[in-house]
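Here are a few notes to read alongside the model, set out as numbered points. I hope they help you find your way around.

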Amino acid sequence: MPHDNHDHDNHLDPMEARTRALETILTRKGLVDPAAIDAIIETYAEKVGPRNGAQVVARAWDDPAFAVWLASDATAAIASMGFTGRQGEHMKAVFNSDTVHNMVVCTLCSCYPWPVLGLPPVWYKSPAYRSRAVIEPRAVLAEFGVTLPASTCIRVWDSTAELRYLVIPQRPAHSDGLDRAALAGLVTRDSMIGTGLPLVLA
Ligand code: FE
């Protein structure tokens, strides 16, 4: 979270307020360096972000052998592209198809595959998403603007500290001639959580 939001402290939820207070105390005592914290956050928000996951998806679309590897051992396949680190030690890739749409939640807290998606969006951590994704996934998807045929089965995966999920959306139609970088450009963060779909080609 950028530190330029400090004027808005009154709008923090209780957990954010406690986190902010803790950071303030640790900083005043000289135990942490705010610049170091910002650097870590920037790394996960900007560098180790969803563009990594997009490269994994684009390669899976473009390279059938890689897709097979990704399906059987996502941790190793993703690590082979250099995307490793905390919260990504145990990965599972779940593939959307014409009949199955996958969606990821962490009902307990906010487990999320950092090396491929960066830091989780605020809504992912919200109690409403965490409960409703399981109870009424189709309604949640509709609120994200995703309406699937009634015949599509929605499979919801509950992340844990032991296992994190990456949704591999279906390759968009009419994307045959695109190279891998262009394919990656179609892959949105939400499409890899399952609350969105890849961008549609004009
Ligand atoms: Fe969690």
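1. Cys-111 is buried, since its relative accessible area of 9% falls under the 20% limit. In this predicted model, Cys-111 serves the iron ion through two atoms, N and SG. The other protein donors are Cys-106 (SG), Cys-109 (SG) and Ser-110 (N), and the whole set lies 2.1 to 2.7 Å from the metal. Along the sequence, the donor residues follow the spacing C-x2-C-S-C. Cys-109, by contrast, is partly exposed, with a relative accessible area of 33%.

2. Next, have a look at the helix pair α3 (residues 50-62) and α4 (residues 64-72). Their axes are 5 Å apart and make an angle of about 120°. That angle lies between the perpendicular range, which ends at 115, and the antiparallel one, which starts over 145, so α3 and α4 are oblique to each other. From α3, the residues involved are Val-56, Arg-59, Ala-60 and Asp-62; they meet Pro-64, Phe-66, Ala-67 and Leu-70 of α4. Six of these contact residues are nonpolar and two are charged, with no polar ones.

3. Which residues have the most contacts inside the largest nonpolar core? They are Val-56, Leu-70, Ile-78, Val-116, Tyr-129, Leu-166 and Ile-168, in a core of 43 residues. Helix α3 supplies the largest share of this core, with six residues. Val-56 and Leu-70 also take part in the α3 and α4 contact.

4. Ile-168 deserves its own point. Beyond its neighbours within four places in sequence, Ile-168 touches Val-57, Ala-60, Trp-61, Leu-70, Ala-93, Val-94, Phe-95 and Asn-96. Among these, Ala-60 and Leu-70 belong to the contact between α3 and α4.

5. Arg-180 lies in helix α10 (residues 180-184) and is partly exposed, at 34% relative accessible area. Setting aside neighbours within four places in sequence, its contacts are Ala-58, Arg-59, Asp-62 and Asp-63. Arg-59 and Asp-62 are also among the α3 residues that meet α4. The C-alpha atoms of Arg-180 and Leu-117 are 18 Å apart, with their positions 63 residues apart along the chain.

6. Finally, two backbone points to check. Most residues other than glycine have a negative phi. Gln-87, however, has a positive phi near 65°, and His-174 has one of about 65°. Gln-87 sits in the loop between α5 (74-79) and β1 (91-95), while His-174 is in the loop between β4 (164-168) and α10. Are these two residues buried or exposed? Gln-87 is buried at 18% relative accessibility, whereas His-174 is exposed at 72%.

How values were computed. Residues are numbered from 1 along each chain as its sequence is written. This is a predicted model: local features need pLDDT of at least 70, side-chain atom pairs count only at pLDDT 80 or more; totals for chains, interfaces and linings use all residues. Side-chain values use heavy atoms; hydrogens and water are left out. Axes are lines fitted to C-alpha atoms, for helices over the stretch in contact, and angles run from 0 to 180 degrees between N-to-C directions. Helices (H or I, at least four residues) and strands (E, at least two) are DSSP runs, numbered from the N terminus. Angles under 35 degrees count as roughly parallel, over 145 as roughly antiparallel, 65 to 115 as roughly perpendicular and the rest as oblique. Contact means heavy atoms within 4.5 Å. Ala, Val, Leu, Ile, Met, Phe, Trp, Tyr, Cys and Pro count as nonpolar, Asp, Glu, Lys and Arg as charged, and the others, Gly among them, as polar. Donors are N, O and S atoms within 2.8 Å of the metal (3.2 Å for Na, K and Ca); water is not among the atoms, so sites may look incomplete. Buried means under 20% relative accessible area, exposed over 50%, partly exposed in between (1.4 Å probe, protein chains only). A nonpolar core is a set of buried Ala, Val, Leu, Ile, Met, Phe, Trp, Tyr and Cys residues joined through side-chain atoms within 4.5 Å.
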